[in-house]
Amino acid sequence: MRKGIFNRKTNAVRAVDGVSFTVAKGETLGIVGESGCGKSTTARLLVGLEGIDAGDLIFDGDRLGVDLSLKDLWDGVQMVFQDSYASLNPRLTIEETIAFGPKMRGVAADEARRLAHELLGRVGLAPARFAGRYPHELSGGQRQRVNIARSLAMKPRLIILDEAVSALDKSVEAQVLNLLRELKDEFGLTYVFISHDLNVVRYVSDRIMVMYLGEVVEIGPVAAVWEKRAHPYTAALFAAMPSMDPDNRTEVPPLAGDPPNPIDPPSGCRFHTRCSFAEPVCGKTRPKSVAVDGAADHDAACHMLDPISGHSKSAGGSRLEAAE
Amino acid sequence: MSTTVDTKVPAVPARPAAEQAPAQSKGYWQGVGARLSRDPVAMVCAGLLTLLLAAVVFAPLLPLADPFTGSMISRLKPIGTEGHILGTDELGRDMLARLIYGGRLTLMLGLLPVIFAFLIGTFLGVLAGYVGGWLNTVIMRTVDVFFAFPSILLAIAISGALGAGIVNSLVSLTIVFIPPITRVAESVTASVRSLEYVDAARISGARALTVVRVHVLGNVMSPIFVYATSLTSVSMILAAGLSFLGLGVKPPQPEWGLMLNTLRTAIYIDPVLAALPGAMIFLTSLCLNLLSDGLRSAMNIKD
Amino acid sequence: MTDPTANLLEIENLEVRFHGERTVHAINGLDLELKSGEVMTILGESGSGKSVTLKALLKLLPERRTAMSGSMTVGGIDVMALKGRALSDYRGKTVSMIFQEPALALDPVYTIGDQIAEAVMRHERVSKKDALARALDMLKRVRIPSPESRLKNYPHEMSGGMRQRAMIALALACKPDLLLADEPTTALDATVQIQVLLLLRELQKEFGMGIVFVTHDIGVAVEISDRIAVMYAGNIVEEGTVGEIIKDPRHPYTKGLLASNLHDADAGETLSSIPGSPPPLDVKPDHCSFAPRCAHAEERCLSALPPVFKPGPGRRVACILEEGRAPQRLGQRLPEPA
């Protein structure tokens, strides 16, 4: 299972620009970044809800639009949305909502209903009690469980979770994350987990992809990214996490200012306007993605890591002192 | 199967909020009905309208005088006259009978155009809102052209072109109401279409028509319906206006707008009598508007 | 407010009940004290009543649908009795508030400078020119770059972080004694959130006001506050300094919240979570509201409200588990380990 190269262009925003990554079967890829970084657009591209302007999406070896129709894609890829209220039709009972997909695939109404009940039970909502309820009669956590059950009803192999736990209270978030972890093992699923919360992404993911203004700045195994923080933006993002230590609070903000408007991104390296290591080269050339410490599975796009970029800190691939 | 693997099990069985609610929920319309019945203003208006509707429908069964035969000796009798509770008009015809029989046409001209326009406008608006693109541009820009004219002017122009008569009034009023309903339908459809449950339905592989039928129509109907209800009073007033100008119903047919027109000469003799058809128009449209307000809040299912 | 030991804010036995289609007992006998110059965080999940507390303090709750009882005083002013002119003087001058969504709290049709100047002129007898000078000074203090030109900006011309800074400038323009902050950083990006938190901390020292900060995020609470009050089902279940709450949580709910925090969870390990969900609050709680979700609940937890133990100054726990152990712990807790 792998994903190809995207290059989405619109008149207004290049929401996602030159993004390439793969997701291996059975793994969880976490995507983090701030608002406007293109993570939600990436999610919608992966399920074919947005058209791709240039590049390819390859699922299980089949190229979307060539060997693979949207309908085929949806047989294998489903999505869980962030807003648990907007993602459930207020006029359908949750049983009808879950059974809708299978029925569209030609499953008999009785069988779809039985499946809906089974899945409701699996996500922790007793079917006898919940099947006939409407979304507004459920709590946020319960609605998100329904959302998960609906995607499972399509028997997908890959589930895109777009900020699926972000709107939940912390104690409920933990319940839903535990559920997702169990379901992954039980159904042999692959996840793409999108969140702005590094703590959550770090906990659920095998690999992590950091995005900034529509570009991938760093991608690699969680432990390696966590330790090396090769890209200055990754370092800043990690440093901005609350310390959780009253005797050792954060004293200096790792970054100044807000992320720039994605409609008009900075030239060269898009992060150079906020980066404390920026040099003239950063405003001119777009950095190449290079292997971090020669590791095959850990890449970052920063001139400081590229020995031939001309950045003063790049000579000999000198390590970046963390920006904390 | 348990979903939350906890290190500790509660000593007392948990009973979270939602589990105390009844297992089977009421249907949507039942809920709307229940909420509406708790709104005193809406219920009074609904009662008055039902009464009027019943009187109008069963008019031939009521002990009323003939609305068409008058007597020249008993013209313009005041309200409370023996045998004519609401007096008589300028040709000596019984006012009560004429008001009730007149209500038949006025209500029909108020309701039918809105019903037709509701069907056509919803179709056009949902089509434009869901499909989007050039189809949206074609439909909505055409609608905008009609919007350039004030509705009363448009109704007069179309009626004038088609000629006087009940059917032509119906047609012209329907045309007048299609643009506003289409516009409302388009905007609510566009906003529902952007909601994630429509995306979820699309990625379940459902055909566009099924997505619209199951996920869009159910959620756009109520706001469009509420808006259309508020148009019935406008339609009634426009119909009365057309008759008043001689473009709608022709004498001697009783119709509130026409009655207002023919009685206007009597305004200096008996102003109260002359104002009676106007009062009926006012009361009915007020009730329709208040009922539509009540319906709007009853259909809001947030809590 | 010269006496540093005097309480700036005192809330006693506050009850707030909403009636409408459904009755909600939002706040049930809340007690809260804040000294001037102190930052207190009310930590709670959605529906715990934390935002309602702030709105009650500003009398912002819809009067026709709300029944309130108890007492609230801010700097000696009886908030419950305020109305008319005194109330509008109180709002903005004595107490002001910042919100989660600055885009909704700022007026879109006036410039930032005009909004701040207008607030200053409403509370102080100054000319428009002086008020605008104050607005400029405030924008500098909240570290908005190129404040002179920002003064003439409309809210929609600013980024989210800048808008939040502008709202803080607006709230602090009249130098209130007490600032209420309702999740002001929740809608912000992580790298911007920490900037705003640090800014608030600096401004608090500079202006010396008291802050009641409401959030659902423990990490944010640790960064900003001196003390934390944990709220559940309309009442405070535990209160203490940040160190006490983080290092020595006593109430099972606080413990559960800390445990379900992902901060140091290892990938793949099962998260300990609190089962169930909060109570509906359609009746006034007559027993411990947390008992149905609590692993330590006993029969008596379901029959009466829990006793409130005060193991130390500014420390309280509303749980029977404190029985018998509070006195010994009191001695051990001091001095606080560095």
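I take two residues to be in contact if their C-beta atoms, placed from the backbone, lie within 7 Å. With that cut-off I looked up C:A169, which touches C:I116, C:M138, C:L139 and C:V142, leaving aside residues up to four places away in sequence. The model I am reading is a predicted one.

**Entry: the nonpolar core**

I went from C:A169 to the core around it. C:A169 is among the residues with the most contacts inside the largest nonpolar core, which has 261 residues. The others listed with it are A:V192, B:I181, C:I116, C:A173, C:L180 and C:V230. I then asked which element gives the most to this core, and found helix α8 of chain B, residues 208-244, with 17 residues. Chain A takes part too: domain 1 (5-205) and domain 2 (229-317) of chain A each give the core at least three residues. C:I116 comes up twice in my notes, as a contact of C:A169 and in the list for the core.

**Entry: chain A and its two domains**

I looked up how chain A is divided and noted domain 1 (5-205) and domain 2 (229-317). The centres of domain 1 and domain 2 of chain A, taken over C-alpha atoms, are 30 Å apart. In the contact between them, nine residues come from domain 1 of chain A and six residues from domain 2 of chain A. On the side of domain 1 of chain A that touches domain 2 of chain A, I noted five nonpolar residues, three polar and one charged.

**Entry: where chain A meets chain C**

I noted 32 residues of chain A in contact with 35 residues of chain C. Which helix of chain A gives the most to the side that touches chain C? It is α7(A), with six residues. I also wrote down the helices of chain A that each supply at least two residues to that side: α7 (170-187), α8 (198-204) and α10 (232-239). By class, the side of chain A that touches chain C holds 16 nonpolar, 10 polar and six charged residues.

**Entry: chain B**

I looked for helices and strands in chain B and found 10 helices and zero strands. Chain B has 303 residues, and buried residues make up 40% of them. Among its contacts with a separation of 6 or more, 69% are between residues 24 or more positions apart.

I then turned to the UniProt record, an unreviewed entry. The record places the feature "transmembrane region" at residues 41-65, 105-132, 152-178, 224-247 and 267-291 of chain B. I checked two of these spans in the model. Residues 41-65 of chain B are 68% helix and 0% strand, and the end C-alpha atoms lie 33 Å apart. Residues 152-178 of chain B are 89% helix and 0% strand, with end C-alpha atoms 14 Å apart.

**Entry: the annotated span of chain C**

For chain C, UniProt lists "domain: ABC transporter" at residues 9-258, again in an unreviewed entry. Over residues 9-258 of chain C, I read 42% helix and 26% strand. The end C-alpha atoms of that span are 28 Å apart.

**Entry: strand β10 of chain C**

I picked strand β10 of chain C, residues 235-241, and asked how many of its residues are buried. Six of its seven residues are buried. Strand β9 of chain C, residues 227-232, runs antiparallel to β10(C), and six bridges join the two. Within this pair I noted C:M231 opposite C:I236. Two residues lie between the strands of the β9(C) and β10(C) hairpin, and C:A233 there takes a positive phi near 50 degrees.

I found a further partner in strand β12 of chain C, residues 315-317, which is antiparallel to β10(C) and joined to it by two bridges. In that pairing C:E239 has C:R316 in β12(C) as its bridge partner.

**Entry: two positive phi values in loops of chain C**

C:K175 is not a glycine, yet its phi is positive, near 50 degrees. I located C:K175 in the loop between α7 (160-172) and β7 (178-182) of chain C. Is C:K175 buried or partly exposed? C:K175 is partly exposed, because 16 other C-beta atoms lie within 10 Å.

C:E183, also not a glycine, has a positive phi of about 45 degrees. I located C:E183 in the loop between β7 and α8 (190-207) of chain C. C:E183 has 19 C-beta neighbours inside 10 Å and so counts as partly exposed, since a buried residue needs 20 or more.

Definitions and conventions. Residues numbered from 1 in each chain as written. Chains lettered and ligands numbered in written order. Predicted model: local features only at pLDDT ≥ 70, side-chain atom pairs only at ≥ 80, totals over all residues. Buried ≥ 20, exposed ≤ 12 C-beta atoms within 10 Å, placed from the backbone. Helix = DSSP H or I, 4+ residues; strand = E, 2+ residues; numbered from the N terminus. Pairing = 2+ DSSP bridges. UniProt positions renumbered as here; feature names shortened; annotations may be inferred. Core = buried A, V, L, I, M, F, W, Y, C linked by C-beta atoms within 7 Å. Domains from an automatic or database assignment. Nonpolar A, V, L, I, M, F, W, Y, C, P; charged D, E, K, R; others polar.
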